[in-house]
Amino acid sequence: LKVLASLLLPTQGDVRILGYSIRSSTRRVRSLVSYSPSDERSHDWRLTAIQNLDLFADLFDIKGAAKRERIAYATDAVGMNAAILGHPVRALSQGERQRLTLARALLPESRLLLLDEPFRSLDAEASARFVGTLKTWQANSHGTLVVAGHSLDPMGALCRTAVSLSRGRVERIGPFRASAFSPGPDGA
């Protein structure tokens, strides 16, 4: 996912995102991609959740009324209320920090949304809400959603195609059916 997000360059070859090379068109690729990592460390823990979203909206060059609209959309999409938004990141629970990370990924109007373990630390209600948000995002944006994770239940509601990796190599690819992609007897 970090290669697709152009945060790392591939050791060999190239990756093209909507026709753009991540090697020669990194800035353009980054304008098309939004990434939610599983090991989030880029929030400012001293700022409140809303201040973090405001900061990242500025970094994404989202201004004025569009900024307020995108922040409202993103926070509603992940179920962040005013109480959560007013707390410093350091005071948030793991689930609340995960919601903040997902909200940040929804700020820009990206064509490719990369989500690494998006349902980690979310309760059942928050997971269901986010699945609904992602379905709407897929329908309205005509964008592509790439989800990496171990929890197959929520992904089954989102994904048409699944790829199973083992030790960095493609093991299986095909229509998403949880039973076909669940771990085998050796745990792979």
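This is a short dialogue on reading a sheet, a surface patch and some salt bridges in a predicted model.

Reader: Let's start with the sheet. What is the strand order, and is the pairing parallel or antiparallel?

Author: The general idea: strands of a sheet pair through backbone hydrogen bonds, either parallel or antiparallel. Here you have an open sheet of 3 strands in the order S3-S4-S5, and the pairing is parallel. Strands S3 (33–36) and S5 (144–148) each have a single partner strand, so they stand at the edges with one side lacking a neighbour in the sheet. On average, neighbouring strands are turned by 10 degrees against each other, direction ignored.

Reader: How many bridges join S3 to S4?

Author: There are 4, with S4 covering residues 112–116. To find your place, take Ser34: its bridge partner in S4 is Leu113.

Reader: Which helix lies across S3 and S4?

Author: That's H5, residues 94–106, and it runs at about 180 degrees to S3. Follow the chain into the loop between H5 and S4 and you meet Ser110.

Reader: Is Ser110 buried or exposed?

Author: Buried means under 20% relative accessible area. Ser110 has 6% relative accessibility, so it counts as buried. Leaving out residues up to four places away in sequence, Ser110 touches Leu32, Val33, Ser34 and Trp137. You've met Ser34 already, as the residue bridged to Leu113.

Reader: Now the surface. Which residues form the nonpolar patch?

Author: Look for Val163, Leu165, Val170 and Ile173, which together have about 410 Å² of accessible area. Strands S6 (161–166) and S7 (169–175) are the elements that give two or more residues to the patch. Leu165 lies in S6, and because its relative accessibility is 57%, Leu165 counts as exposed.

Reader: On to charges. How many salt bridges does a search of the whole structure find?

Author: It finds 7. One of them joins the side chains of Lys67 and Asp54 at 2.8 Å, N to O. That pair links distant parts of the chain, with Lys67 in helix H3 (residues 64–78) and Asp54 in helix H2 (residues 49–59), 13 residues apart. Lys67 is buried at 12% relative accessible area, whereas Asp54 is partly exposed at 32%.

Reader: What about Asp61 and Arg172: which residues do their side chains meet?

Author: Asp61 meets Lys63 in a salt bridge of 3.7 Å, N to O. Asp61 is exposed at 57% relative accessibility, while Lys63 is partly exposed at 49%. Arg172 meets Glu171 at 3.1 Å, N to O. Arg172 is partly exposed, at 32%, and Glu171 is partly exposed too, at 37%. Salt bridges with shared partners also join Asp54, Asp58 and Lys67 into one network.

Terms used. Residues numbered from 1 in each chain as written. Predicted model: local features only at pLDDT ≥ 70, side-chain atom pairs only at ≥ 80, totals over all residues. Heavy atoms only, no water. Pairing = 2+ DSSP bridges. Axes fitted to C-alpha atoms, helices over the stretch in contact; angles between N-to-C directions. Contact = heavy atoms within 4.5 Å. Patch = residues over 30% accessible without salt bridge, like charges linked within 9 Å, V, L, I, M, F, W, Y side chains within 5 Å. Areas by Shrake-Rupley, 256 points an atom, 1.4 Å probe, with all protein chains shown as cover. Salt bridge = Lys/Arg side-chain N within 4 Å of Asp/Glu carboxyl O. Buried < 20%, exposed > 50% of the residue type's maximum accessible area, 1.4 Å probe, protein only.
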